[in-house]
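Got your viewer open and ready to click around? Let's take a short walk through part of this structure, one selection at a time.

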Amino acid sequence: MSKLLSQAEIDALLEGEKNIDTSIFEIQKSKEARIYDFRHPDRVSKEQLKILRNIHDNFSRLISTYLSNQLRTMIDVKVPNIDQVTYFEFTMSAASFTYMYVFSIDKLDGFAILETDPRFSFFIIDRLFGGTGNVINKSEQSPTIIERSVMNNVAERILEYLKEAWQHIEVLEARIANFETNPQLVTVAPASETMIVLTFPVTARNFEFNIILCFPYFMLEPVLKKINSQNYMALLKKAPSEEDQQNLYRAVEHTEVRFTVDLGKSYISVKDFLELKENELLLLETKITDPLIARVQEHKKFVVSPGKKGKKKAVRIDNIIDEEGDII
């Protein structure tokens, strides 16, 4: 049976409403709202996005090193921003004139896009041709045959580093299929298809550019199924194959290191140093019977004895020095 409120109870309720703390609602209003399209939901999970960012963080370091060496100037390629948009939104946001390389990946269906800022392309071409790279405001015109050939080589090398960055997950053998400067003439997916867009901010001299990788979701879907946290960590920790070991051995065996032997040391005054003459002797603190220390890249590694081999001075390795500095 319902109970009617008295006038005093109604007044008490109205008074309580006036005292409601509105700060909670103000905090909620101050938060930035993000529009979520339920017709096109995000198809890549946060966990997968995190792993994708880690993979392409390595990719950004690889191409940063490559471009710095090729262009003989410091090139900084930052960690990518990853977005999920429809292909229609991607093409509408692209510049009217750009450098787009459409490429395929073995064992995966469809095509993906590598896009470079035309100004960055002009910067690369100018640097490779011996210029300073300071003039990049070239008019929007198709590249010449030579310029296109140069940039094709750069794009192919970038895609090789993409293969290296993904090697723990899948072998992505990329091949350039087409080149276009008008994004409206490029169609790699239906307009409503979800695209995974990775934007790499690039800093070169005082200029800022972008390198963009764009993959249709259906293309990466078979690979994305493999990249959850547990699988990714397990793949990173897997034992290197024999081929990996041989590649590492070939890379290391031709690496040069500095090998030096400390014959001894002595302290003299500046006055004595200035008065040194030819055939004068310096008395070292090392005795003839004392062992000598051999260093590799300034690190103590061996105990050696001096000698000769043929007409050249030589040393014989007697003992090894471990990481703690103890003689083995």
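Start by selecting Ile268, Val270, Phe273, Leu274, Leu276 and Leu282: together they make a nonpolar patch on the surface, with about 610 Å² of accessible area. Keep in mind that you're looking at a predicted model.

Now zoom in on one member of that patch, Phe273. You'll find phenylalanine 273 in helix H10, which covers residues 270-274. Is phenylalanine 273 buried or exposed? Its relative accessibility is 51%, and exposed means over 50%, so phenylalanine 273 counts as exposed.

Next, click on asparagine 279, in the loop between H10 and S9. Most residues other than glycine have a negative phi. Asparagine 279 has a positive one, near 75 degrees. Asparagine 279 is also exposed, at 72% relative accessible area.

Time for the sheet. Select strands S8, S9, S10 and S11, which form an open sheet in just that order, with antiparallel pairing. At the edges sit S8 (259-262) and S11 (312-320), each pairing on one side only. Ignoring direction, neighbouring strands here are turned by 40 degrees against each other on average.

Stay with S9 (residues 292-296) and S10 (residues 299-309): five bridges link this antiparallel pair. Want a bridge to look at? Pick isoleucine 293, whose bridge partner in S10 is valine 303.

Last stop: glutamate 298, in the loop between S9 and S10. What is the phi of glutamate 298? It's near 75 degrees, a positive value in a residue other than glycine. With a relative accessible area of 48%, glutamate 298 is partly exposed.

Conventions: Residues are numbered from 1 along each chain as its sequence is written. This is a predicted model: local features need pLDDT of at least 70, side-chain atom pairs count only at pLDDT 80 or more; totals for chains, interfaces and linings use all residues. Side-chain values use heavy atoms; hydrogens and water are left out. Two strands pair if DSSP finds at least two bridges between them. Helices (H or I, at least four residues) and strands (E, at least two) are DSSP runs, numbered from the N terminus. Axes are lines fitted to C-alpha atoms, for helices over the stretch in contact, and angles run from 0 to 180 degrees between N-to-C directions. Patches are made of residues with over 30% relative accessible area and no salt bridge: like charges are joined within 9 Å, nonpolar side chains (Val, Leu, Ile, Met, Phe, Trp, Tyr) within 5 Å. Accessible areas come from the Shrake-Rupley method with a 1.4 Å probe; for residues, only the protein chains shown count as cover. A salt bridge is a side-chain nitrogen of Lys or Arg within 4 Å of a carboxyl oxygen of Asp or Glu. Buried means under 20% relative accessible area, exposed over 50%, partly exposed in between (1.4 Å probe, protein chains only).
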